[in-house]
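Here is a folded chain to look through together. Keep the model open beside the text and find each part as it comes up.

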Amino acid sequence: MVKLTGLKKIKTAVFISGTGSNLNNLIKFSKIKNSPISIDLIFSNTLKAKGLKFSNQFNIKKYVSNFKSTKISEAKILNLLNKDNIKFICLAGFMKILSKSFIKKFSGKIVNIHPSLLPKYKGLDTHTKAIQNKDSVAGCTVHFVTAKLDSGKIILQKQVKISKNDTPTSLAKKVLSQEHKLYPSAIKKIFN
Ligand code: GRF
């Protein structure tokens, strides 16, 4: 595991595919004095990702590669990560599966946020599944990324109550606001 040494922040890349509300939140967190990380690269597999706008807004380098060939895209990313001395990766709504060999190269240095209380509901449509199963609680998890989808060691979780009138959309909103608190807390837990 990477440990924070001295006062230097750990250079971090955030991988996104969509809105990027977690990215925005992580950037704001990274600017706090005692945040262990700085965000130095935003990567997306699609130009359509709305979150790419945070690159201009915060003056952070961005890079897009479409993952039509995982091998080619990952080779390009690795090149950039090495060049920029990036040591930590946060997946935040990144919708592509990284290869085993990529994950191995960054073993213990890639984390993900998932909108369920893992190990429950790996993969997609977590809120629909929680409501259909009449669960009383939902939530979110920050975990280390391993080759097995949504299965790496759990760093932190947060529960959210499901109320009778919740829809997948309303539940997603409630969980997302907790995600914004959980991700920074999990990062602090890793490095402090
Ligand atoms: C979040 O719910 C995250 O847990 C999931 O995808 C969503 C991304 O939202 N993996 P955003 O792009 O950070 O707003």
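Lysine 134 sits in the loop between helix 5 and strand 6; helices (H or I, at least four residues) and strands (E, at least two) are DSSP runs, numbered from the N terminus. This is a predicted model, where local features need pLDDT of at least 70 and side-chain atom pairs count only at pLDDT 80 or more, while totals for chains, interfaces and linings use all residues. Residues are numbered from 1 along each chain as its sequence is written, and side-chain values use heavy atoms, with hydrogens and water left out.

Back to the loops. Most residues other than glycine have a negative phi, and most peptide bonds are trans. Lysine 134 has a positive phi, near 55°, though it is a residue other than glycine. Asparagine 85, in the loop between helix 3 (70–83) and strand 4, also has a positive phi, of about 60°. Then there's the peptide bond from leucine 118 to proline 119, which is cis, with omega near 10°. You'll find proline 119 in the loop between strand 5 and helix 5. Proline 119 is 35 residues away from isoleucine 154 in sequence, and their C-alpha atoms are 9.1 Å apart in space.

Are these loop residues buried or exposed? Buried means under 20% relative accessible area, exposed over 50%, and partly exposed in between (1.4 Å probe, protein chains only). The table has the values.

| Residue | Relative accessible area | Class |
|---|---|---|
| Asparagine 85 | 43% | partly exposed |
| Lysine 134 | 74% | exposed |
| Proline 119 | 65% | exposed |

Now for the sheet. It is an open sheet of 7 strands in the order 3-2-1-4-5-6-7, with mixed pairing; two strands pair if DSSP finds at least two bridges between them. Why do strand 3 (61–64) and strand 7 (154–161) each have one side without a neighbour in the sheet? Both stand at the edges, each with a single partner strand, so nothing in the sheet flanks the other side. On average, neighbouring strands are turned by 20° against each other, direction ignored. Axes here are lines fitted to C-alpha atoms, for helices over the stretch in contact, and angles run from 0 to 180 degrees between N-to-C directions.

Strand 1 (residues 10–16) and strand 2 (residues 37–44) run parallel, joined by 7 bridges, and lysine 11 stands opposite serine 38 in strand 2. Helix 6 packs on the sheet, touching strands that include strand 1, strand 2 and strand 7, and its direction makes about 155° with that of strand 7. Contact means heavy atoms within 4.5 Å.

Strand 4 and strand 5 run parallel too, with 3 bridges, and isoleucine 89 stands opposite isoleucine 110 in strand 5. In strand 5, 5 of the 5 residues are buried, so the strand is largely enclosed by the rest of the structure. Ile110, Asn112 and His114 are on one side, with Val111 and Ile113 on the other.

Last stop: the largest pocket, with a volume of about 930 Å³. A pocket is an open set of points on a 1 Å grid over the protein atoms alone, where a 1.4 Å probe fits, with protein on both sides within 12 Å along at least five of seven lines; lining residues have an atom within 4 Å of a point. Grid points are joined across faces, edges and corners, and a volume is the space filled by probe spheres set on the points. Of the 38 lining residues, the closest to the centre are Gly93, Phe94, Met95, Ile113 and Pro115.
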